[in-house]
Amino acid sequence: MRSVSLRAMIRGFAAGLDWAGIGRVVQRGARRRVGRAAGVVVAIALGLTPPGFAEVPPDGAAETLGPDAEAPGPDAETSAEASRDPGATTEKGEVVRPLPPHAPDWGPLTFLGDEIPPGESRSLRFESLDHFTAGLVTMRGVAPGPTLCVTAGVHGDELNGIAIARRLIDETDPAALAGTLIVVPIVNAYGFRNGSRYLPDRRDLNRYFPGNPRGSAAARIAYQFFEQVVRRCDSLVDLHTGSLNRANLPQIRTDLSVIDNLRLAWGFSIEHVIHNIGQPGTLRRAATDAGVATVLYEAGEPGRIDQEQIERGVAAIGATLGSLGMTQSGAVTPVVQRLYGRTQWVRSDASGIYVPFVELGDTVDVGQRVAEVTDPFSSEHVEIRTPVAGLVIGMALGQVVIPGFALLHIGIEAAPAPVLRSADGPPPPPGDDATPRKQSEADRLRAELADERPE
Ligand SMILES: [Zn+2]
């Protein structure tokens, strides 16, 4: 199988960049993300070797101030200079940069009705409807930097992400942090208490972003969360697992046509990177459309704690903090990232008991026998063969299936079309909840079956 690394794709971008689009982006110089994007583009164009953004000193503090920060004062320049310090190298060859010195301009953060001084963290509560609240922890670093948000439990039964978020809270010291870290371990507390993916009305919260203040309960919760929390983030990592008896290989999914997403994916030390713009209504699609760099991390299956995948997720977010210049260490475990420009589900054409013959992470060839579906009454076997070659990035666990059921998710290595999405594109449509929504169980099942990339 042809192997396409993220690094190779970056070169592809450089060869076919939409320079007019970039020019428009650069002209919008007031936006904080432009400095970074332009820096990356320039680095690529010059043929530098930026991979592992840890090697690239963080942007000046003046460019990376979060949306809550005051305007940079006279000391901002000093901080910017300090943050360009290439840093010392340890015996292992890891680059360790000093944090910028405490900047007087970097004051307390006012967020959700509380004030958080530099170097401290607070447990806060996000409140939406009468009984809908979600706990979150906000850490205000001691030096200027971006705001990274980490969300988990948008689906209440996806436990790996919740455990990763908890670990992040326990292991991050705000006194050693630049910028602001906002961690929401359980967005959908209703679902979590009930061991359910859904809200109490069986709606999937991750289909209602950016929400609607006058819509359904799901749309209102999505709206409040998006306005109060998500819009405060410069970057967002949303943590998920497979859905409903399906498991996923650890992977990130993001719209790589947005250069800030590309940068975030680059710093996130996970091997498998899937280019996918995301379904309308998902948190990551809405956040990307709102100018928040977003990646989604998928690992494992719902309802289970998988310690190995949790460790991987914690390490990857640690690497992300380093790549964003929010922690001192640039010690990112080198990971050769593989890019999947396309994915395809292998579906069942029969009803019965499904038994897979492959595992997550297996490579499959065209026509390979990957599963069997057996009619429990006639004992007739139907072989399932994959129509495409690639890597098994997700799969249904053994169970009873019906025709059309999505069995195996195959990642196809390729680079997406090298076109950068312009930041001047048309604004996203307003959150529309006028659509659906008397969803019966049958409708819901049909939607699940049609759902190519549940997340
Ligand atoms: Zn999910």
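Which residue stands opposite Val 183 in β8? Hold that question for a moment while the whole chain is in view, since this is a predicted model and its confidence is worth colouring by before anything is selected.

**The whole chain**

Coloured by pLDDT, the chain has a mean of 77, with 67% of its residues reaching 70 or more. The lowest confidence falls in helix α4, residues 61–64, at a mean of 26, whereas strand β9, residues 235–240, has the highest, at 98. Select residues 11–86 next: the pLDDT is below 50 over this stretch, which nevertheless has 130 contacts in the model beyond near neighbours in sequence. Residues 418–453 also have a pLDDT below 50, and there the model holds 45 contacts beyond near neighbours in sequence.

With the secondary structure displayed, the chain shows 12 helices and 20 strands. Of its 455 residues, 49% are buried, and among the contacts with a separation of 6 or more, 71% are between residues 24 or more positions apart.

**Strand β8 and its two partners**

Now select strand β8, residues 178–184, where 7 of 7 residues are buried. On strand β6, residues 133–140, which runs antiparallel to β8 and is joined to it by 4 bridges, pick Val 137: this is the residue that stands opposite Val 183.

Then add strand β7, residues 143–151, which pairs with β8 in the parallel sense over 6 bridges. Labelling Thr 147 and Thr 180 displays one bridge partnership, with Thr 180 being the residue in β8. To follow the connection, show helix α6, residues 159–171, as well, for β7, α6 and β8 make a right-handed β-α-β unit.

**Helix α8 and the largest nonpolar core**

Move to helix α8, residues 217–228, whose 12 residues reach 16 Å from the first C-alpha to the last, close to the 16 Å expected at 1.5 Å a residue. Its buried residues are Ala 218, Ala 219, Arg 220, Ile 221, Ala 222, Tyr 223, Phe 225 and Phe 226, and what they pack against can be shown by selecting β5 (120–127) and α10 (283–289).

From Ala 222 the selection can be widened to the largest nonpolar core, which has 75 residues; Val 150, Val 183, Ala 222, Val 230, Ile 252, Ala 265 and Tyr 297 touch the most other members. The largest share of this core comes from α8, with 7 residues. Centre the view on Tyr 297 and, leaving aside neighbours within four places in sequence, its contacts are Val 237, Leu 239, His 240, Ile 252, Ile 270, Gly 313 and Ala 316. Another core, of 20 residues, lies apart from the largest one, and it includes Val 370, Ile 384, Val 392 and Ala 406.

**From β10 through α9 to β11 and β13**

Which way do the residues of strand β11 point? Select residues 272–275 and show the side chains: His 272 and Ile 274 point one way, Val 273 and His 275 the other way, and all are buried. In a regular strand the side chains alternate between the two faces of the sheet.

On one pairing, β10 and β11 run in the parallel sense over 3 bridges, with Thr 254 standing opposite His 275. The chain crosses from β10 to β11 through helix α9, residues 259–267, and this β-α-β crossover is right-handed. Every residue along that helix can be selected as a buried one, since 9 of the 9 residues of α9 are buried; among them are Asp 260, Asn 261, Arg 263 and Trp 266. For the other pairing, display strand β13, residues 338–347, which joins β11 in the parallel sense over 3 bridges, and label Ile 274 and Tyr 340, which stand opposite each other.

**A last stop at Arg 246**

Finish in strand β10, residues 246–254, at Arg 246. Why does Arg 246 count as buried? Arg 246 has 20 C-beta neighbours inside 10 Å, and therefore counts as buried, the cut-off being 20 or more. Not counting residues up to four places away in sequence, Arg 246 touches Glu 301, Gly 394, Met 395, Ala 396 and Leu 397. A distance drawn between the C-alpha atoms of Arg 246 and Gly 394 comes to 7.0 Å, although these residues are 148 apart along the chain.

Technical notes: Residues numbered from 1 in each chain as written. Predicted model: local features only at pLDDT ≥ 70, side-chain atom pairs only at ≥ 80, totals over all residues. pLDDT = per-residue confidence, 0-100. Helix = DSSP H or I, 4+ residues; strand = E, 2+ residues; numbered from the N terminus. Contact = placed C-beta atoms within 7 Å. Buried ≥ 20, exposed ≤ 12 C-beta atoms within 10 Å, placed from the backbone. Expected span 1.5 Å × (residues − 1). Core = buried A, V, L, I, M, F, W, Y, C linked by C-beta atoms within 7 Å. Pairing = 2+ DSSP bridges. Right-handed = clockwise from strand over helix to strand, strands pointing away.
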